[in-house]
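Here are my notes on this model, set out as numbered points. Please read them with the structure open beside you.

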Amino acid sequence: MYGYPKIWVAHGYFVIAFLVGVVFILINNTAYGFPLAVEMIVAALYLAIYMMLMIMEEHSIASDKVDARDNYFVKNASMRLETARRAASSTELKKTIEKVYDAVRNTQVKSIKDVRPVEDDILAGIDALTEAAGDGKLQAVMTESKNVLSLIKKRDNMIRLSR
């Protein structure tokens, strides 16, 4: 049932319940116990399927939120480095920034609580790198890029050790 909109499940239930009711009317059954039991079974199946869909949908939404939170660091850092690369005036500055960009893109996507302070330091380093690239300071860009690369390695090691 996964992947079907809940409205289709509801429509299916009402069609089946209607058809079961019509069959019992055509049989002209005077006893109400058996038709009532059949209708209750159909209703119980509908409720079970509907509840399963609700639970699957909730897990899917929670999983999407976790994925978005995990991907936030890599996307944010990549975007900032792209800005720094555009701000760089010389090809040497751009190559240095691209090394950091490649390291960020190849880092672990999954994030954990323990590395959040390191990620904050990386983002602060990228901001300093962007500022230095905008000013055209090659030495400052080289220093900040080494700092960011070492922090990225530290982050990856922390994630690996946590598994």
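1. Asp-156 has a relative accessible area of 12%, so it counts as buried, the limit being under 20%. Its place is in helix H5. Bear in mind here and below that the model is predicted.

2. What does Asp-156 touch, once neighbours within four places in sequence are left aside? The residues in contact with Asp-156 are Thr-107 and Gln-108. With Gln-108 there is also a polar link: the side chain of Asp-156 reaches the backbone nitrogen of Gln-108 at 3.3 Å. Asp-127, by comparison, is 29 residues from Asp-156 in sequence and 20 Å from it in space, C-alpha to C-alpha.

3. Asp-156 also takes part in a salt bridge with Arg-155, at 3.7 Å from N to O. Both of these residues are buried. This pair belongs to a wider network, in which salt bridges that share partners join Arg-116, Glu-119, Arg-155 and Asp-156. In general, side chains of opposite charge can pair when their charged atoms come close.

4. The other named bridge in that network is between the side chains of Arg-116 and Glu-119, at 3.9 Å from N to O. Both residues lie in helix H4, 3 residues apart, which is about one turn of the helix. Are the two partners buried or exposed? Arg-116 has a relative accessible area of 28% and is therefore partly exposed, whereas Glu-119, at 6%, is buried.

5. The structure holds 6 salt bridges. One of them lies outside the points above and is formed by Arg-85 with Glu-82, the closest N and O atoms being 2.7 Å apart. These two residues are separated by about one helical turn, because they are 3 residues apart in helix H2. Arg-85 is partly exposed, with a relative accessible area of 25%. Glu-82 is partly exposed as well, at 21%.

6. Arg-80 is found in helix H2 too. At 25% relative accessibility, Arg-80 counts as partly exposed. Which residues does Arg-80 contact, leaving aside its neighbours within four places in sequence? They are Leu-123, Ile-126, Asp-127 and Thr-130. In the case of Leu-123, the side chain of Arg-80 reaches the backbone oxygen at 3.5 Å. Arg-80 and Tyr-101 are 21 residues apart in sequence, and their C-alpha atoms are 9.2 Å apart in space.

7. Ser-78 lies in helix H2. Its relative accessibility is 6%, so Ser-78 counts as buried. Not counting residues up to four places away in sequence, Ser-78 touches Tyr-101, Val-104 and Arg-105.

8. Next, the nonpolar core. How many residues does the largest nonpolar core have? It has 21, and those with the most contacts inside it are Leu-81, Ile-97, Ile-122 and Val-141. Two or more residues each come from helix H2 (33-87), helix H3 (91-105), helix H4 (116-135) and helix H5 (138-162). H4 gives the largest share, with 7 residues. In soluble globular proteins, nonpolar side chains tend to be buried together.

9. Ile-97 is a useful residue to look up in the viewer. Apart from neighbours within four places in sequence, Ile-97 is in contact with Leu-81, Ala-84, Arg-85, Ala-88, Leu-129, Ala-133 and Val-141. Among these contacts, Leu-81 and Val-141 are also listed with Ile-97 as having the most contacts inside the largest core. Arg-85, another of the contacts of Ile-97, is the partner of Glu-82 in the salt bridge described earlier.

10. There is also a second, separate core of 8 residues, which includes Ala-10, Tyr-13, Val-42 and Leu-53.

11. Lastly, the surface. Val-15, Phe-18 and Leu-19 make a nonpolar surface patch of about 320 Å². Of these, Leu-19 is found in helix H1 (residues 6-27). Leu-19 counts as partly exposed because its relative accessibility is 49%, and the exposed class begins over 50%.

How values were computed: Residues numbered from 1 in each chain as written. Predicted model: local features only at pLDDT ≥ 70, side-chain atom pairs only at ≥ 80, totals over all residues. Heavy atoms only, no water. Core = buried A, V, L, I, M, F, W, Y, C linked by side-chain atoms within 4.5 Å. Buried < 20%, exposed > 50% of the residue type's maximum accessible area, 1.4 Å probe, protein only. Helix = DSSP H or I, 4+ residues; strand = E, 2+ residues; numbered from the N terminus. Contact = heavy atoms within 4.5 Å. Patch = residues over 30% accessible without salt bridge, like charges linked within 9 Å, V, L, I, M, F, W, Y side chains within 5 Å. Areas by Shrake-Rupley, 256 points an atom, 1.4 Å probe, with all protein chains shown as cover. Salt bridge = Lys/Arg side-chain N within 4 Å of Asp/Glu carboxyl O. Polar contact = N/O pair within 3.5 Å; in protein donor to acceptor, adjacent residues only side chain to side chain.
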